[in-house]
Amino acid sequence: MSSRNTRLIQFLQHELAISPAEIDVLLRHPEQNHAPLPMLLWQYGLITLQQLTQIFDWLEAQL
């Protein structure tokens, strides 16, 4: 796992209170290879559209 993914997961857990178990399930999901983690979180109802926007804003700030 890249350091960027590690930082994203830390952000999800600390800022959005996504549980490690929920993240682990998505990381093992076959779709994870084809879809960004934030989109999977939203598709499976684990985050709101507002939280999805917050994640994308955070990712943009990391560039």
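This predicted model holds 1 aromatic pair. The partners are F11 and W58, and their rings are stacked. The centres lie 4.8 Å apart, with 15° between the planes. That angle is under 30 degrees, so the pair counts as stacked. F11 sits in helix 1 (residues 3-15) and W58 in helix 4 (residues 49-62), so the pair ties together parts that are 47 residues apart in sequence. Are the two residues buried or exposed? Both F11 and W58 are buried.

**The two helices behind the pair**

Helix 1 and helix 4 can be set side by side.

| Helix | Residues in helix | End-to-end C-alpha distance | Expected span |
|---|---|---|---|
| Helix 1 | 13 residues | 18 Å | 18 Å |
| Helix 4 | 14 residues | 20 Å | 20 Å |

Helix 1 reaches a length close to the value expected at 1.5 Å a residue. For helix 4, the distance between the end C-alpha atoms agrees with the expected span.

Which residues of helix 1 are buried? They are L8, I9, F11 and L12. These residues cover an arc of only 155° around the axis, which puts them on the same side of helix 1. The face turned away from that buried side carries the exposed residues S3 and H14. F11, the aromatic partner, thus belongs to the buried set of helix 1. That set packs against helix 2, helix 3 (37-43) and helix 4.

Helix 4 has its own buried residues: L52, I55, W58 and L59. Seen down the helix axis, they fall within an arc of 120°, so they line one face of helix 4. An α-helix has 3.6 residues a turn, so residues three or four places apart point the same way. On the face of helix 4 turned away from the buried side are the exposed residues L49, Q50, E60 and A61. The buried residues of helix 4 are covered by parts that include helix 1 and helix 3. W58, the other aromatic partner, is in this buried set.

**L49 on the exposed face**

L49 is found in helix 4. Its relative accessible area is 53%, and L49 is exposed. Exposed means over 50%, so L49 meets the cut-off with its 53%. L49 and R7 are 42 residues apart in sequence. In space, their C-alpha atoms are 21 Å apart.

**The loop after helix 1**

Helix 1 is followed by A17, whose phi is positive. The angle is about 60°, although A17 is not a glycine. Most residues other than glycine have a negative phi. Where is A17 placed? A17 lies in the loop between helix 1 and helix 2 (20-28). A17 is exposed, with a relative accessible area of 63%.

**One salt bridge**

How many salt bridges does a search of the whole structure find? The search finds 1 salt bridge. The side chains of D24 and R28 form it, at 3.0 Å from N to O. D24 and R28 are 4 residues apart in helix 2, which separates them by about one helical turn. D24 counts as partly exposed, at 37% relative accessibility. R28 is exposed, with a relative accessible area of 60%.

Terms used. Residues numbered from 1 in each chain as written. Predicted model: local features only at pLDDT ≥ 70, side-chain atom pairs only at ≥ 80, totals over all residues. Heavy atoms only, no water. Phe/Tyr/Trp six-rings, centres within 6.5 Å; stacked < 30°, edge-to-face > 60°. Helix = DSSP H or I, 4+ residues; strand = E, 2+ residues; numbered from the N terminus. Buried < 20%, exposed > 50% of the residue type's maximum accessible area, 1.4 Å probe, protein only. Expected span 1.5 Å × (residues − 1). Arc of directions from axis to C-beta. Contact = heavy atoms within 4.5 Å. Salt bridge = Lys/Arg side-chain N within 4 Å of Asp/Glu carboxyl O.
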